Amino acid sequence: ARVDSVDGSVEFVKFLVTEVNRAYRTPKAAILDSYIAATCVGCQDLRADIADVERLSQHAVSDTWSVTFCFPNTWSPRAATTVLRIHQMRVDFVDSQGRKVDDMVEGDFEYFLTLTYDSGWRVSRWQKT
C-alpha cells in the first residue's frame, strides 16, 4: 500500500477503507489525517462525519464498509486514480453507555478517488460517481 505503483495505489485504497472503519469504531477522525489531503473535497466531508460521531461520544459497533471492488483507472509516477465500490452495512451507533442512538443505512456506493504520491499515497479528491 506504500509503493508507487498501480497495485500499490489499489492496495492503499483498500487499506484506507479499513482505516475508515477503524475511525468510526474508535471514534477518531484524526486517524484519516495522514491519508487524506486537507483540501480534498469529499474526504473532508467523511472526516467531518466521523468528527461529529467523536464529538457526541458515539461509535459504530462494527465495520461500516466493505470493499466490493477497487480497480485502477489511471496511473503514472506519483499520481493515480481508482474506482472504489463499497457496500455500506447497516450498523448501529451507540453512546458511551452502549445505548443505540443511530444507525447507518445499508447501501452500495461507487467513488472515484484521485491519489498523489509523496513518500506514501494520499487522497486528493474523493467523488461519488
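Q: Hi! Which residues line the second largest pocket?
A: In this predicted model, the second largest pocket is lined by Tyr24, Asp49, Asp52, Val53, Leu56, Gln58, Phe93, Asp102, Asp103 and Met104.

Q: What volume does that second largest pocket have, and how does its lining divide by class?
A: The volume is about 160 Å³. The lining divides into 5 nonpolar, 1 polar and 4 charged residues.

Q: And which elements each supply at least two residues of that lining?
A: Helix 2 and strand 6 (100-104) each do.

Q: Strand 6, okay. Where does strand 6 stand in its sheet?
A: The sheet is an open one of 3 strands in the order 2-5-6, with antiparallel pairing. Strand 2 (59-60) and strand 6 are at its edges with a single partner strand each, so one side of each has no neighbour in the sheet.

Q: How many bridges join strand 5 to strand 6?
A: There are 4 bridges between these antiparallel strands. As for a residue pair, Asp92 stands opposite Asp103 in strand 6, and Asp103 is also one of the residues lining the second largest pocket.

Q: Changing pockets: how much space lies in the largest pocket?
A: About 210 Å³. The lining of the largest pocket has 13 residues, and Gly42, Leu46, Trp65, Tyr111 and Trp126 lie nearest its centre.

Q: What classes are in that lining, then?
A: The largest pocket has 7 nonpolar, 3 polar and 3 charged residues in its lining. Helix 2, strand 7 and strand 8 each supply at least two lining residues.

Q: On to the core. How many residues are in the largest nonpolar core, and which have the most contacts inside it?
A: The core has 36 residues, and those with the most contacts inside it are Tyr24, Leu32, Leu84, Val123 and Trp126. The elements giving two or more residues to this core include helix 1 (6-25), helix 2 (43-55), strand 4 (79-88) and strand 8 (121-128). Helix 1 gives the largest share, 8 residues. As general background, nonpolar side chains tend to be buried together in soluble globular proteins.

Q: Trp126 turned up by the pocket too. What is Leu84 in contact with, leaving aside its neighbours within four places in sequence?
A: Leu84 is in contact with Val13, Val17, Val67, Phe69, Cys70, Phe109, Glu110, Tyr111, Leu113 and Trp126. Tyr111 and Trp126 from that list are also among the residues nearest the centre of the largest pocket.

Q: How many residues of strand 4 are buried?
A: Strand 4 is mostly covered, with 8 of its 10 residues buried. In terms of pairing, strand 4 runs antiparallel to strand 3 over 10 bridges, and strand 4 also pairs with strand 7 in the antiparallel sense over 10 bridges.

Q: Nice. Which residues are bridge partners or stand opposite each other there?
A: Between strands 3 and 4, Ser66 has His87 as its bridge partner. On the strand 7 side, Val83 is partnered by Phe112, and Thr81 stands opposite Thr114.

Q: Which side chains of strand 7 point to one face and are buried?
A: Gly107, Phe109, Tyr111, Leu113, Leu115 and Tyr117 do, while Asp108, Glu110, Phe112, Thr114 and Thr116 point to the other face and are not buried. That is in line with a general pattern: side chains in a regular strand alternate between the two faces of the sheet.

Q: And how many bridges join strand 7 to strand 8?
A: These antiparallel strands are joined by 7 bridges, and Thr116 has Arg122 of strand 8 as its bridge partner. Their hairpin has 3 residues between the strands, and Ser119 there takes a positive phi near 55°.

Q: Is Ser119 buried or exposed?
A: Ser119 is exposed, at a relative accessible area of 59%.

Q: Which other residue has a positive phi of about 55° although it is not a glycine?
A: Ser57 does. Ser57 lies in the loop between helix 2 and strand 2 and is partly exposed, with a relative accessible area of 42%.

Q: Last one: where is the cis peptide bond?
A: The bond from Thr26 to Pro27 is cis, with omega near -25°. Pro27 sits in the loop between helix 1 and strand 1. In general, most peptide bonds are trans.

How values were computed. Residues are numbered from 1 along each chain as its sequence is written. This is a predicted model: local features need pLDDT of at least 70, side-chain atom pairs count only at pLDDT 80 or more; totals for chains, interfaces and linings use all residues. Side-chain values use heavy atoms; hydrogens and water are left out. A nonpolar core is a set of buried Ala, Val, Leu, Ile, Met, Phe, Trp, Tyr and Cys residues joined through side-chain atoms within 4.5 Å. Buried means under 20% relative accessible area, exposed over 50%, partly exposed in between (1.4 Å probe, protein chains only). Contact means heavy atoms within 4.5 Å. Two strands pair if DSSP finds at least two bridges between them. On a 1 Å grid over the protein atoms alone, a cavity is a set of points where a 1.4 Å probe fits but cannot get out, and a pocket is an open set with protein on both sides within 12 Å along at least five of seven lines; lining residues have an atom within 4 Å of a point. Grid points are joined across faces, edges and corners, and a volume is the space filled by probe spheres set on the points. Ala, Val, Leu, Ile, Met, Phe, Trp, Tyr, Cys and Pro count as nonpolar, Asp, Glu, Lys and Arg as charged, and the others, Gly among them, as polar.
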